[in-house]
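Here are my notes after a pass through the model, as promised. Have the viewer open while you read, and check each point against the coordinates.

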Amino acid sequence: MRVVVLGTSGFMGQHCAQILADRGINHLRVGRTPGTNVDVGLDLVRSPQAELVDLLRSYEPTSVINCAGAVRGTAGEMMRTNVASVHSLVSAAFSAAPTARIVQLGSSAEYGAPDGQHPIDESAEERPSSPYGYSKLAATQIALHARSQGLAITVLRIFNVSGPLSPTSTMLGGAVARLRSGEPLIVDSLDGWRDYVDVRDVAAAAVATTYTEEAPPLLNIGSGRAVRTGDWLKRLIEISETRAEPVVGADPQRAHKSSAAEVSWQCADISLARRSLNWSPQITLDQSLRDTWLAATDR
């Protein structure tokens, strides 16, 4: 196997590359700019298309995991980054790696709010409520169209991700940063219910997809359990031993995600991923919270 990991300098990309390394699988780490964790610097949006074509042609990957994308910025910036990067990838793959299996990381934000409180399966209607969700849905549609034209692409719709190196653009990463700095712990709401899955379990699912020949076009990746925001936040405060008190209000650092508050409950049906990939989440939310806090403290 030879796997190209795109977006390896980001949260998901680092963990995918680490699992490949731990398993002794040949892989090439591609990031926006060269660095310690990047073998090749290449920007899927701004670099000439020929650079990606040449890279795929020379490396001859059996699989590509696309972790590149944006979670913050204006609607236009997220649409441009998340959609253009996938378009660039599928165009290059048709030309230079037509037999490679491609794993595209999507998002539960593509679903939006479900009808009622029941787990969402892959047949659910997509009703995104944020610019981020719309941009990821557009990227998914490009990927699935490319699959219909012959590329072996699977989109993993990832639910809320926790775990070490969580960026401050996520509620967990932002909460950890505030607890460490002593800033007010501002949250949109304590009453939202979300499905949290550890980043290492997500990376394991992405790697499993690279060697699953008959992987379906779309797979939910989550824990299969909804957890109240106030409950996991209380547990995080206990782990941190800070005795902080959450403040409900608009967080200016996460204003681009304020529309996520419109989704009060979300949970993944992961039965298809269990059957198709022989995968299931292994890391509990409590362990994920603890590891996230310890990793941030170590840094």
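**Notes on the strands, two residues and a pocket**

1. Let me start with a pair in the smaller details: Asn160 stands opposite Tyr196 in S9. Keep in mind that this is a predicted model. The strands behind that pair are S7 (residues 160–162) and S9 (residues 193–198), which run parallel and are joined by 3 bridges. On the S11 side, S9 has another 3 bridges, this time antiparallel, to residues 226–228. There, Arg194 has Val227 in S11 as its bridge partner.

2. Put together, these strands make an open sheet of 3 strands in the order S7-S9-S11, and the pairing is mixed. Its edge strands are S7 and S11, each pairing on one side only. From one strand to the next, the twist averages 55°. Helix H6 packs on this sheet, where it touches S7 and S9, and its direction makes about 65° with that of S9. How covered is strand S9? Mostly: 5 of its 6 residues are buried.

3. Staying with H6, have a look at Asp201, which sits in that helix (residues 199–210). Is Asp201 buried or exposed? Its relative accessibility is 4%, and because the cut-off for buried is under 20%, Asp201 counts as buried. Leaving aside residues up to four places away in sequence, Asp201 touches Trp279, Ser280, Pro281, Gln282 and Ile283. For Ile283, the C-alpha atom is separated from that of Asp201 by 7.0 Å, with the two residues 82 apart along the chain. If you want to click through one set of contacts, I'd pick this one.

4. Now for the other sheet. This one is open too, with 7 strands in the order S3-S2-S1-S4-S5-S6-S10 and parallel pairing. Strand S3 (40–41) and strand S10 (218–221) are at the edges, and each of them pairs on one side only. Helix H4 (residues 131–148) packs on the sheet and touches S5, S6 and S10. The angle between the direction of H4 and that of S6 is about 155°.

5. Further into that sheet, strand S5 (residues 101–107) pairs with strand S6 (residues 152–158) in the parallel sense, over 7 bridges. Two spots to check by eye: Ile102 stands opposite Ile153 in S6, and Leu105 has Leu156 in S6 as its bridge partner. Strand S6 is mostly covered, with 6 of its 7 residues buried.

6. Out at the edge, Gly41 belongs to strand S3. What does a relative accessibility of 33% make Gly41? It counts as partly exposed, because that class lies between the 20% and 50% cut-offs. Not counting residues up to four places away in sequence, the residues that Gly41 touches are Gly31, Arg32, Thr33 and Pro34. One more distance to try in the viewer: the C-alpha atoms of Gly41 and Leu6 are separated by 9.9 Å, and these residues are 35 apart along the chain.

7. Last, a pocket. The second largest one has a volume of about 150 Å³. Which residues line the second largest pocket? They are Thr8, Gln14, His15, Ala17, Gln18, Ala21, His27, Arg29 and Asn37. Two elements give two or more residues to the lining, namely helix H1 (11–22) and strand S2 (26–31). The largest share, 5 residues, comes from H1. Sorted by class, the lining has 6 polar, 2 nonpolar and 1 charged residues. If you plan to look at the pocket yourself, select the H1 residues before the others.

Technical notes. Residues numbered from 1 in each chain as written. Predicted model: local features only at pLDDT ≥ 70, side-chain atom pairs only at ≥ 80, totals over all residues. Heavy atoms only, no water. Pairing = 2+ DSSP bridges. Helix = DSSP H or I, 4+ residues; strand = E, 2+ residues; numbered from the N terminus. Contact = heavy atoms within 4.5 Å. Axes fitted to C-alpha atoms, helices over the stretch in contact; angles between N-to-C directions. 1 Å grid on protein atoms, 1.4 Å probe; cavity = no way out; pocket = protein on both sides within 12 Å on 5 of 7 lines; lining within 4 Å. Points joined across faces, edges and corners; volume = space filled by probe spheres on them. Nonpolar A, V, L, I, M, F, W, Y, C, P; charged D, E, K, R; others polar. Buried < 20%, exposed > 50% of the residue type's maximum accessible area, 1.4 Å probe, protein only.
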